[in-house]
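Student: I am new to this structure. Please show it to me, and then let me ask how each label is earned.

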Number of protein chains: 2
Amino acid sequence: MQSQPDALQDIGRVLKQARLASALTQEQVADLAGISRPRYRDIETGSAAARASTLMNIARALGMEMMLIPQAMVPAVEALLRPHDDDDLPAFVSHAEDGDDG
Amino acid sequence: MQSQPDALQDIGRVLKQARLASALTQEQVADLAGISRPRYRDIETGSAAARASTLMNIARALGMEMMLIPQAMVPAVEALLRPHDDDDLPAFVSHAEDGDDG
DNA sequence: AGAATAAGATACTTATACGCATCATTGAAC
DNA sequence: GTTCAATGATGCGTATAAGTATCTTATTCT
């Protein structure tokens, strides 16, 4: 299991997909989110972890909201989003059971 | 509009509620999430912003998953979660239009 | 009253997210 | 082959997330 490193790339993938779907440049998203382009690039490529607040700002800039979903409800939420991802946005999930440790 | 400060407290409120619902101590959650107790406390009280990766770990420790939901789908997702928040978990949302800048 | 546990709070140090400036590479237009 | 736009990538300085240690307070149990 890939705890952080891959979860970051997972997030970055969603951000990039949403950005391209919105026809925005990295610079535009960075500006909307209130961060610099190099920083946004690092986040989108998964080479750096953004703060939760920064990720929220980026998500909003891309027309998304960050939510905490009970794991039991994740499948239902995914099902709700699936028939919708025509061309709009690809709400991601970070499905890593990663051995938190518990 | 209170951009970050309040969104943090919003998140913290959800974390605390989920933690109490799971009958876990701050130390247990911190340990599960791989951070120190003082740090978890700061996050839960909203006095500090965690990294996205840290928030994901905390969420998982509490039986939740972080998801990015298209804004258009947020109401539907909330509706899906509402009849469920009996005693389990209260999937939060950060509904702040906050004037990031855009 | 005293002991144990959970939580609030502080100080010091380290790791890193972020801004800013800069340069290289790619791809499209000329 | 030159110019412009978009992206990838560094280096330096600052802000802050996070670790560790310590102390206090509230609660519970004896």
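Tutor: Let us begin with a definition: a helix is a DSSP run of H or I at least four residues long, and helices are numbered from the N terminus. Keep in mind that this is a predicted model.

Student: Which residue sits just after α3(B), and what is its phi?

Tutor: That residue is Gly46(B), and its phi is positive, about 80°. Chain A offers a similar detail: Gly63(A) comes just after α4(A) and takes a positive phi of about 75°.

Student: How is chain A put together, from the N terminus on?

Tutor: Its elements run α-α-α-α-β-α, which gives 5 helices and 1 strand. Of the 102 residues in chain A, 50% are buried. Contacts between residues at least 6 apart in sequence are worth a look too: 60% of them in chain A join residues at least 24 apart.

Student: What makes α4(A) largely enclosed by the rest of the structure?

Tutor: A residue is buried when its relative accessible area is under 20%. In helix α4 of chain A, residues 52-61, 10 of the 10 residues are buried, so the helix counts as largely enclosed. Among them are Ala52(A), Leu55(A), Met56(A), Ile58(A) and Arg60(A).

Student: Why is α2(A) called roughly perpendicular to α3(A)?

Tutor: Two packed helices are described by the angle between their axes and the distance between the axes. The axes of α2(A), residues 26-33, and α3(A) come within 8 Å and cross at roughly 105°. Angles of 65 to 115 degrees count as roughly perpendicular, and therefore α2(A) earns that description relative to α3(A).

Student: Which residues meet there, in α2(A) and α3(A)?

Tutor: Gln26(A), Glu27(A), Val29(A) and Ala30(A) of α2(A) meet Arg37(A), Tyr40(A), Arg41(A) and Glu44(A) of α3(A). By class, this contact of α2(A) with α3(A) holds 3 nonpolar, 1 polar and 4 charged residues.

Student: Turning to the DNA, which residues are closest to DNA strand C?

Tutor: Ile35(A), Ser36(A), Thr54(A), Gln26(B) and Arg41(B) are the closest of the 18 residues that surround DNA strand C. By class, this surface has 6 nonpolar, 5 polar and 7 charged residues. Of the strand's atoms within 4 Å of the protein, 77% belong to sugar or phosphate and the rest to bases.

Student: How do you know that Arg41(B) makes a polar contact with DNA strand C?

Tutor: A polar contact needs a pair of N or O atoms within 3.5 Å. A polar side-chain atom of Arg41(B) is 2.3 Å from a phosphate oxygen of DNA strand C, so the pair qualifies. Ala49(A) has a polar backbone atom 2.8 Å from a sugar or linking oxygen of DNA strand C. The side chain of Arg19(B) places an N or O atom 2.7 Å from a phosphate oxygen of that strand. Two or more residues of this surface come from each of α3 of chain A, and α1 and α3 of chain B; the largest share, 3 residues, belongs to α3(A).

Student: Is Arg19(B) buried or exposed, and why?

Tutor: Arg19(B) has a relative accessible area of 7%, so it is buried, the limit being under 20%. Arg19(B) is found in helix α1 of chain B. Beyond its neighbours within four places in sequence, Arg19(B) is in contact with residues including Leu24(B), Val29(B), Tyr40(B) and Leu62(B).

Student: Why is Arg39(B) called partly exposed?

Tutor: The relative accessible area of Arg39(B) is 44%. Buried means under 20% and exposed means over 50%, so Arg39(B) belongs in between. Arg39(B) is in α3 of chain B, and its side chain has a polar contact of 3.0 Å with that of Asp42(B).

Student: What part of DNA strand D does the side chain of Arg39(B) approach?

Tutor: An N or O atom of that side chain is 3.1 Å from a base nitrogen of DNA strand D. Also on DNA strand D, a phosphate oxygen is 2.6 Å from a polar backbone atom of Ser36(B). Another such pairing involves Gly34(B), whose polar backbone atom is 3.1 Å from a phosphate oxygen of DNA strand D.

Terms used. Residues are numbered from 1 along each chain as its sequence is written. Chains are lettered from A and ligands numbered from 1 in the order in which they are written. This is a predicted model: local features need pLDDT of at least 70, side-chain atom pairs count only at pLDDT 80 or more; totals for chains, interfaces and linings use all residues. Side-chain values use heavy atoms; hydrogens and water are left out. A residue is near a molecule or strand if one of its heavy atoms lies within 4 Å of it. A polar contact is a pair of N or O atoms within 3.5 Å; within protein, one must be able to donate a hydrogen and the other to accept it, and residues adjacent in sequence count only if both atoms are side-chain atoms. Ala, Val, Leu, Ile, Met, Phe, Trp, Tyr, Cys and Pro count as nonpolar, Asp, Glu, Lys and Arg as charged, and the others, Gly among them, as polar. Buried means under 20% relative accessible area, exposed over 50%, partly exposed in between (1.4 Å probe, protein chains only). Axes are lines fitted to C-alpha atoms, for helices over the stretch in contact, and angles run from 0 to 180 degrees between N-to-C directions. Angles under 35 degrees count as roughly parallel, over 145 as roughly antiparallel, 65 to 115 as roughly perpendicular and the rest as oblique. Contact means heavy atoms within 4.5 Å.
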